[in-house]
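The report below goes through selected local and global features of a two-chain model. It moves from single residues to the contact between the chains.

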Amino acid sequence: MNWTWFYRLGSPLWFYQMTTRWLPWLSLLAFVLLTTGLVWGLGFAPQDAKQGNSFRIIYLHVPASFLALAGYFLMATAGAIGLIWKMKLSYMIMKSAAPIGAALTFLALFTGAVWGKPTWGSYWVWDARITSMLILLFLYFGVLALQYAFHNEESGNKASAVLALVGTVNIPIIYKSVDWWYTLHQPSTIKLTSAPSMHPDMFHPLLVMILGFYCFYVVALCLFTRVEILRRERKTAWVGELAARSSNAVEGAKQ
Amino acid sequence: MRSHASNGFCAYLRRDLRLSHRRLGEAASPLIFFIMVSTLVPLGITPDPASLALVASGIIWVFALLATMLSANDLFTGDYQDGSLEQLLISPQVLVMPVLGKVTAHWLVTGLPLTIVSPLLGLMLSLPEAGYFPMMASLALGTACLSLLGAVGAALTVSLQKGGMLLALVVMPLYMPVIIFGGATVQYGIDGLAWTGPLAILGAMLAAAIALCPLAIAGVLRLTSIN
């Protein structure tokens, strides 16, 4: 089998060029999906029988929680690819995934707290799933802190990649925790294997929001990674040319 | 080959025990920390025995965790600074066994003494009588888990000047399952439930940690300590 395509994936230049081409379209798609999902979910989906309108925060809470978990997995996978195949690009993706994932985890916790107040009567409950989400946030913090603690970028990459991999031990625990200590949080309502127990009129906008969040995540990840590429590859010829071209353009615009 | 590997384990176990024997003050500090910090609880919360009894098991577990974590920071720093870690890395030995020896020595000088003095703290914090044996059993298994996980963090931060706080950030999330089941063991014992269940899960965690952590530690030491 020919593996050159695989190694081309590891080239920061190739990634930069591809994302330059694809980002506008992807951003547009994310924007359309998020707008549709939000308007549909907040404005047109039926009220919940018990929770009234307060359930509508689900349209932010669930996608954010999805991406918080998926983002950790992506970060750990990128770290593993970096450790195994020593690809520069995958370390850059790993580093970029950490702050985005931490922000999404925080968003999931925050929307959960806002949702919890009218539903359970308190902002914070020591429920298994909330606690696991908090631990996930701490895991992200650990990876971020470790990444920035090293002066030597290479060591920082490897150390945080290993930490991300070790932390993936936590991911199955997060999923299993619902079964382990079922307390206040309702069991997960969306299952990939069986029909959703939500009403389709409520579920369809949620699906759109989840897709929209995925697109948004990819856009954010690409933007973060592009900055990281420019920063780390600043001494290469192509970044120099790029900088020269854009400064020329600025000069031209001034004149 | 096998005798070679186990020799690495014994040699490093003996070496690290001898090192901590020569620096007894340093080796005893986690234990003293454990006892001193427990004194803060009655001062800070309440000296009322009934209230203390409610929180005693959790507090003892949290402080055991902190004491283990603080001492884990020094697991590899000495060897890193005097160059013996580098010697170990370039030696033809399987790295896993010496690493396991070092961690075992760490547990023998921190986790085991903590386990042994924990009834004293139980007495001071008026832990219900039924909790003593589950507490010692869970601490014995749990602190061994904590030593292994802490060693992963120590290996990650060994080449950093100020690794202490960072080590705490890195390993604290990994410690959480241990404290959940450790605390549950003691609570089950106090409530008169079958406490061997959570204890068995702690044992399973320890078995997994013994199998996996030395591999991770060895890998991390190779990756990060040689710049």
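Pro119(B) lies in helix α7 of chain B, in a model that is predicted. Since 16 other C-beta atoms lie within 10 Å of its own, Pro119(B) is classed as partly exposed, a class that falls between exposed, at 12 or fewer, and buried, at 20 or more. Once its neighbours within four places in sequence are left aside, Pro119(B) is in contact with Tyr132(B) and Met136(B). The C-alpha atom of Pro119(B) is separated by 9.4 Å from that of Gly131(B), which is 12 residues apart from it along the chain.

Ser126(B) is placed in the loop between α7 (111-124) and α8 (132-156) of chain B. Although it is not a glycine, Ser126(B) has a positive phi of about 45°. A negative phi is what most residues other than glycine have. Lys86(A) is also a residue other than glycine with a positive phi, near 55°, and its place is in the loop between α3 (58-85) and α4 (88-120) of chain A. The environments of these residues are set out with that of Pro119(B) in the table.

| Residue | Place | Other C-beta atoms within 10 Å | Class |
|---|---|---|---|
| Lys86(A) | loop between α3 and α4 of chain A | 13 C-beta atoms | partly exposed |
| Ser126(B) | loop between α7 and α8 of chain B | 17 C-beta atoms | partly exposed |
| Pro119(B) | helix α7 of chain B | 16 C-beta atoms | partly exposed |

Chain A has nine helices and zero strands, and 37% of its 255 residues count as buried. Among the contacts in chain A between residues at least 6 apart in sequence, 78% join residues that are at least 24 apart. One of the helices, α4(A), can be checked against its expected length: at 1.5 Å a residue, its 33 residues should span 48 Å, and because its end C-alpha atoms are 47 Å apart, the two values agree. After α4(A) comes Gly121(A), whose phi is positive, near 90°.

The contact between the chains takes 19 residues from chain A and 18 residues from chain B. On the side of chain B that touches chain A, at least two residues each are supplied by α8, α9 (164-190) and α10 (196-224), and α9(B) gives the most, with eight residues. By class, the residues of this side of chain B divide into 14 nonpolar, four polar and no charged.

How do the helices α5(A) and α9(B) pack, and at what angle? Helix α5 of chain A, residues 128-149, packs with α9(B) at an angle of about 150°, the axes being 9 Å apart. Because angles over 145 degrees count as roughly antiparallel, α5(A) is therefore roughly antiparallel to α9(B). Their crossing is left-handed. From α5(A), the residues Ile135(A), Phe138(A), Leu139(A), Phe141(A), Gly142(A), Ala145(A), Leu146(A) and Ala149(A) meet Leu166(B), Leu169(B), Val170(B), Met172(B), Pro173(B) and Met176(B) of α9(B). The contact of α5(A) with α9(B) comprises 13 nonpolar residues, one polar residue and no charged residues.

How values were computed:
Residues numbered from 1 in each chain as written. Chains lettered and ligands numbered in written order. Predicted model: local features only at pLDDT ≥ 70, side-chain atom pairs only at ≥ 80, totals over all residues. Helix = DSSP H or I, 4+ residues; strand = E, 2+ residues; numbered from the N terminus. Expected span 1.5 Å × (residues − 1). Contact = placed C-beta atoms within 7 Å. Nonpolar A, V, L, I, M, F, W, Y, C, P; charged D, E, K, R; others polar. Axes fitted to C-alpha atoms, helices over the stretch in contact; angles between N-to-C directions. Parallel < 35°, antiparallel > 145°, perpendicular 65-115°, else oblique. Left-handed = near helix turned anticlockwise from the far one by under 90°.
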